[in-house]
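Student: Could you pick one part of this protein and take me through it closely? I'd like one connected story, please, not a list.

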Amino acid sequence: MGSHELFTKLQIEDILSLHQSLDQKNAMKAFVGNIVFSSFFIFWAISGSAQDTKQVPQEVLDRLFEHRDDPNVLYAFDHRYGAGTAEIYLNDTASEIQEKKASVIPAADIEYLISNSYNGSSIAAFDIEHGAGQAKFLLGENLEKLQLGSKKIFEYYHGAAEDGHAMAQLKVSKFFYSGKHVPQSYISSYVWSSIAAANGNELAITQREKSAERLEYEYLMQAQKLTAICFKSNYRKCDYGDMN
């Protein structure tokens, strides 16, 4: 069987569509099995010079997110637009998705979640349907509006932050900064605002700067070190004691 017979008409049309959107002149002639997209992406990346990330076509961003688990695609994108830009765009997209999902959750679903907040399986099911961390974020938000359970408010937001919820991560940072619901810690505030900013929450950038201004150089270095540890642990080792 010839290699061209392995490709579906849909795959070829998708490749040609992307090819055309990037205004490339040379057509791709051969691809191999399931790596059709990444092969094209690598060709496209290597064949062009570095570009301004502001000029990334939306079609490319859509396909980057769709194929975010393919290391070849991430490498190719970074080659074209600069080291680390794939992760930045993916985080930005993830944050936007969180906000959009939160804005369209049916009121009935939220009411059911609140009435079953004691049920771990209900929280897990809610997150599967609406996105990681959404359940705990909304539960924390509900208690905060009602001004009930200071400790529980922080626990919910912190749990959502550990699940990668960028809005919850900013909330946690602000709590540490102000000392509300939790002992004040500018280092922890810096860590969580850095995480939130990296995950696409633009408001967290200002909070990170505010936290940094409160830290002397030595403690700022510690905060940056802890931020790296927090990232590597998938947000599970983000406390000051985790540096040792």
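**Helix pairs and a disulfide**

Tutor: Let's start with the whole protein: among its contacts with a separation of 6 or more, residues 24 or more positions apart account for 54%, where contact means heavy atoms within 4.5 Å. Keep in mind that this is a predicted model, in which local features need pLDDT of at least 70 and side-chain atom pairs count only at pLDDT 80 or more, while totals for chains, interfaces and linings use all residues. Residues are numbered from 1 along each chain as its sequence is written, and side-chain values use heavy atoms, with hydrogens and water left out.

The protein has 13 helices and zero strands; these are DSSP runs, with helices (H or I) of at least four residues and strands (E) of at least two, numbered from the N terminus. Read along the sequence, the pattern is α-α-α-α-α-α-α-α-α-α-α-α-α. Of the 244 residues, 41% are buried, meaning under 20% relative accessible area, with exposed being over 50% and partly exposed in between (1.4 Å probe, protein chains only).

Now for our close look. Helix 9 (residues 150-162) and helix 10 (residues 166-178) have axes that come within 7 Å and cross at roughly 135 degrees. The axes are lines fitted to C-alpha atoms, for helices over the stretch in contact, and angles run from 0 to 180 degrees between N-to-C directions. So helix 9 is oblique to helix 10, since angles under 35 degrees count as roughly parallel, over 145 as roughly antiparallel, 65 to 115 as roughly perpendicular and the rest as oblique. The crossing of these two is left-handed: the near helix is turned anticlockwise from the far one by less than a right angle, whereas clockwise would be right-handed.

Who touches whom here? From helix 9 come Ile153, Phe154, Tyr157, His158, Ala160 and Ala161, and they meet Ala168, Gln169, Lys171, Val172, Phe175 and Phe176 of helix 10. Sorted by class, that contact has nine nonpolar, two polar and one charged residues. Here Ala, Val, Leu, Ile, Met, Phe, Trp, Tyr, Cys and Pro count as nonpolar, Asp, Glu, Lys and Arg as charged, and the others, Gly among them, as polar.

Zoom in on His158, which sits in helix 9. With a relative accessibility of 16%, His158 counts as buried. Setting aside neighbours within four places in sequence, His158 is in contact with Val172 and Trp192.

Trp192 takes us along to helix 11 (residues 186-198), which packs with helix 12 (residues 203-213) at an angle of about 155 degrees, their axes 8 Å apart. That makes helix 11 roughly antiparallel to helix 12. This crossing is left-handed. Among the residues making the contact are Tyr186 and Tyr190 of helix 11 and Ile205 and Arg208 of helix 12. By class, the contact has seven nonpolar, five polar and one charged residues.

Last stop: Ser233, in the segment after helix 13 (217-232). Ser233 counts as buried at 17% relative accessibility. Ser233 and Glu162 are 71 residues apart in sequence, yet 9.9 Å apart in space, C-alpha to C-alpha.

There's also a disulfide joining Cys230 to Cys238, S to S 1.9 Å; the rule is a pair of cysteine sulfur atoms within 2.5 Å. The count by this rule is one disulfide. The torsion about its S-S bond is about 70 degrees, so the disulfide is right-handed. Cys230 is buried at 0% relative accessible area, and Cys238 is buried at 3%.
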